[in-house]
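Visitor: I have the sequence and the coordinates open and would like to go through the reasoning behind the labels step by step. Could you take my questions one at a time?

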Amino acid sequence: MHARVRLLAALAVVSACSLQEASNRVDSTAAVTQKPSSRAWNPNTWQAPTVDSTPDDPFEIAVYRGLAILTHTHDSLPGYVGGNLNCTSCHLDEGRRVNAAPLVGAFARYPKYMDRSGAVVPIEDRVNYCFTRSLAGSKLPPDSREMQDIVAYLAFISTGVPTGEHVPGEGLAKMPALTGDSSKGRLLFVDNCVRCHGNNGAGLGPIPALWGPQSFSIGASMARQERAASFIRHNMPFDRPGTLTDQQAYDVAAYITAMPRPDSPGKETDWPDGGAPPDAPYDTKGHKAFRPPKVLPRTNNPAAAIVAAPASVSRTK
Ligand code: HEC
Ligand code: HEC
């Protein structure tokens, strides 16, 4: 199956190239209108390349290091991560799983306008939003080797996706408009989640926290009831995904998102032009907080982390 897809992809590239050559010979303007590269792109057959476990050139080594940072963010960059999460706590299967905010293909869509920030942002800023919000940590300097390793990995797993194109299963699937009941959610949590995430939501062993000082901040997308419900509906319980109904996913999401979690300084300036989603749990322009949880002081001080960067965070030469 893989081999066949690859062969077809190779044939498509070969025929696109020879068409290009042929049209160059006959009429050079024809090549422009035929757009051979977009004809070879098929989002349904495209597959992200896999990372070589024995990298042998500088780019592959950067990709390999980037993947290691994504899967061991907390251990690799303790000064930049507030809690016990890694990037792949949410971006499951090394950022490859559909409906778990996959990172494959994302690189092709940046720079991009984000209404939450009211600005066009490069991919480094998007990664830093996950550092400051989802990891309740602090910004990695954009020109640090570590950031460039992460970006190299993101670029690699988007190889072949044309600029601005989309891949199936992007983001977190939109949920039907329901409202969760947190008291039902508490019971579902005990039956389905406690054995891995612990009774106090702090996570057991390497399993990440769902609330409390070690979890994602109130400014993370996961702190929104609908976003959390979607992630849970498709991906949790980890060993039995898809067993909760939409309503049950909302109920358990309502329970989790009501619990205390780290603050996200500056969150009130999100959606500067208004239009915050209804479940944003804090006040923004024209929006009243939806079921706001108690916020906890940040365990790491963003300003301090940037000044006292770990020695390994150096400028890329
Ligand atoms: C608490 C969960 C969580 C953690 C941890 C997390 N992210 Fe995210 N990330 C998300 C969610 C949710 C989205 C938004 C998905 C959506 O709604 O499209 C997102 C979006 C992104 C995007 C943009 C994807 C796109 O399609 O535009 C990138 C890039 C990204 N994250 C990188 C990272 C990196 C790198 C890390 C670790 C430093 C990380 N994330 C940690 C939850 C998380
Ligand atoms: C069998 C163990 C297991 C069970 C049961 C389980 N999870 Fe998870 N959960 C995980 C693991 C492991 C991860 C991180 C994935 C990774 O690192 O690959 C995770 C990640 C998460 C995340 C994103 C990261 C974070 O810490 O916020 C959420 C949210 C989550 N689980 C919610 C739930 C909910 C709600 C339930 C119950 C319906 C549940 N989980 C049941 C193992 C489990």
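Visitor: Which helices each supply at least two residues of the shell around ligand 2?

Guide: Bearing in mind that this is a predicted model, the helices that each give at least two residues to the shell around ligand 2 are α10 (194-197), α11 and α12. The shell comprises 25 residues, of which C193, C196, P208, P237 and F238 come nearest to ligand 2. By class it holds 19 nonpolar, four polar and two charged residues.

Visitor: What makes you place ligand 2 between two domains?

Guide: Domain 2 (58-172 + 302-307) and domain 3 (182-296) both contribute residues to the shell around ligand 2, and therefore ligand 2 lies between them.

Visitor: Where does ligand 1 lie with respect to domain 2 and domain 3, and how do you know?

Guide: The shell around ligand 1 likewise takes residues from both domain 2 (58-172 + 302-307) and domain 3 (182-296), so ligand 1 lies between them. Of the 26 residues that surround ligand 1, the closest are C87, C90, C130, S134 and G171. Helix α7 (residues 123-134) provides the largest share of this shell, namely five residues, and by class the shell divides into 16 nonpolar, six polar and four charged residues.

Visitor: Why is L172 called buried?

Guide: A residue is called buried if 20 or more other C-beta atoms lie within 10 Å of its own; L172 has 24 within that distance, and therefore it is buried. L172 is found in the loop between α8 and α9 (182-192), and, leaving aside its neighbours within four places in sequence, it is in contact with N99, A101, R227, S230 and F231. For one of these, S230, the C-alpha to C-alpha distance from L172 is 6.2 Å, although the two are 58 residues apart in sequence.

Visitor: Why does G160 count as partly exposed?

Guide: The class in between applies when a residue has neither the 20 or more neighbours of a buried residue nor the 12 or fewer of an exposed one; G160 has 16 C-beta neighbours inside 10 Å, so it counts as partly exposed. G160 is also found in the loop between α8 and α9, and its C-alpha lies 9.1 Å from that of A108, with their positions 52 residues apart in sequence.

Visitor: What makes you describe α11 as mostly covered?

Guide: In α11, 10 of the 11 residues are buried, among them R227, S230, F231 and I232. What covers the buried residues of this helix includes α12.

Visitor: Which residues touch the most other members of the largest nonpolar core?

Guide: That core has 64 residues, and I150, Y153, L154, I232, V252 and A253 are those that touch the most other members. The elements giving two or more residues to this core are α4 (58-71), α7, α8 (145-156), α11 (225-235) and α12 (246-257), and at least three of its residues come from each of domain 2 (58-172 + 302-307) and domain 3 (182-296). For Y153, leaving aside neighbours within four places in sequence, the contacts are V63, G66, L67 and L70.

Visitor: How many helices and strands does the protein chain have, and what percentage of its residues is buried?

Guide: The secondary structure of the protein chain comes to 13 helices and four strands, and buried residues make up 37% of its 317 residues. Among the contacts with a separation of 6 or more, 66% are accounted for by residues 24 or more positions apart.

Key: Residues are numbered from 1 along each chain as its sequence is written. Chains are lettered from A and ligands numbered from 1 in the order in which they are written. This is a predicted model: local features need pLDDT of at least 70, side-chain atom pairs count only at pLDDT 80 or more; totals for chains, interfaces and linings use all residues. A residue is near a molecule or strand if its C-beta atom, placed from the backbone, lies within 6 Å of it. Ala, Val, Leu, Ile, Met, Phe, Trp, Tyr, Cys and Pro count as nonpolar, Asp, Glu, Lys and Arg as charged, and the others, Gly among them, as polar. Domain bounds come from an automatic or database domain assignment. A nonpolar core is a set of buried Ala, Val, Leu, Ile, Met, Phe, Trp, Tyr and Cys residues joined through C-beta atoms within 7 Å. Two residues are in contact if their C-beta atoms, placed from the backbone, lie within 7 Å.
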